[in-house]
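Hi,

Here is the structure I promised to send over. Have a look at it first, and then read on for what turned up.

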Amino acid sequence: MGYAATYPRQIRYRQHPVDVVVKFRNAGDKTLKKPAIQFKIKPNDHNGEAVTVVINGDGDGWKCEIARESATCRSSAQVAPGEELPQIDIGVAFEWENDGRGYLADYFTATFGDVVYEGSIAYDTSV
């Protein structure tokens, strides 16, 4: 079972897979048509390899295309100002040999247009 850390924008967990929840809300003053959000894993420093892989993406009204280190989720909805769409659950899993080094982490971004949210996912490999 995953758990959220108290650190800003960091998700820490000991077991996997776990879902990263992405919420979409129109904070602008114009209706948005057919929004798309790209979720991308960025390797931290593991010889240029990510320890995290995207395994699925799902949400009411969303269609997600999954690649090893990314998911692009699209909706056919029109989103009025202040309106929120159902959440997207992005399933991620740890894929690295457990060598007991403690915490390993990767970064992720969730991008819509020119708005980018950044965070990190950390793994406790000491257990």
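One definition before the rest: a residue counts as buried under 20% relative accessible area, as exposed over 50%, and as partly exposed in between. Keep in mind as well that this is a predicted model.

First, the overall picture. The protein has twelve strands and zero helices, so read along the sequence you just get β-β-β-β-β-β-β-β-β-β-β-β. Of its 127 residues, 39% are buried. The protein exposes about 7600 Å², and carbon and sulfur atoms supply 46% of that. Take the contacts between residues at least 6 apart in sequence: 68% of them join residues at least 24 apart.

Now the rings. You'll find four aromatic pairs in the structure. One of them is Phe-24 with Phe-112, an edge-to-face pair with 4.9 Å from centre to centre and 80° between the planes. This pair links distant parts of the chain, as its two residues are 88 apart: Phe-24 is in the loop between strand S3 (18-22) and strand S4 (32-33), while Phe-112 belongs to strand S11 (residues 103-112).

Are those two partners buried or exposed? Phe-24 has a relative accessible area of 5%, so Phe-24 is buried. Phe-112 comes out at 27%, which means that Phe-112 is partly exposed, because that value falls between the 20% and 50% cut-offs.

Another pair is Phe-108 with Tyr-117. Their ring centres are 6.2 Å apart and their planes sit at 35°, so this pair is tilted; the tilted class covers angles that are neither under 30 degrees nor over 60. Here, too, one partner is buried and the other partly exposed: Phe-108 has 4% relative accessibility, and Tyr-117 has 38%.

Ring pairs also join Phe-24, Trp-62 and Phe-112 into a cluster, so if you are clicking through the model, show those three together.

Last, the core. Nonpolar side chains tend to be buried together in soluble globular proteins. In this model, the largest nonpolar core holds 20 residues. Which of them touch the most other members? They are Phe-39, Ile-88, Ile-90 and Val-92. As for where the core residues come from, at least two are supplied by each of these strands: S3, S5 (36-42), S7 (62-67), S8 (70-75), S10 (88-94) and S11.

Cheers

Technical notes. Residues numbered from 1 in each chain as written. Predicted model: local features only at pLDDT ≥ 70, side-chain atom pairs only at ≥ 80, totals over all residues. Heavy atoms only, no water. Helix = DSSP H or I, 4+ residues; strand = E, 2+ residues; numbered from the N terminus. Buried < 20%, exposed > 50% of the residue type's maximum accessible area, 1.4 Å probe, protein only. Contact = heavy atoms within 4.5 Å. Areas by Shrake-Rupley, 256 points an atom, 1.4 Å probe, with all protein chains shown as cover. Phe/Tyr/Trp six-rings, centres within 6.5 Å; stacked < 30°, edge-to-face > 60°. Core = buried A, V, L, I, M, F, W, Y, C linked by side-chain atoms within 4.5 Å.
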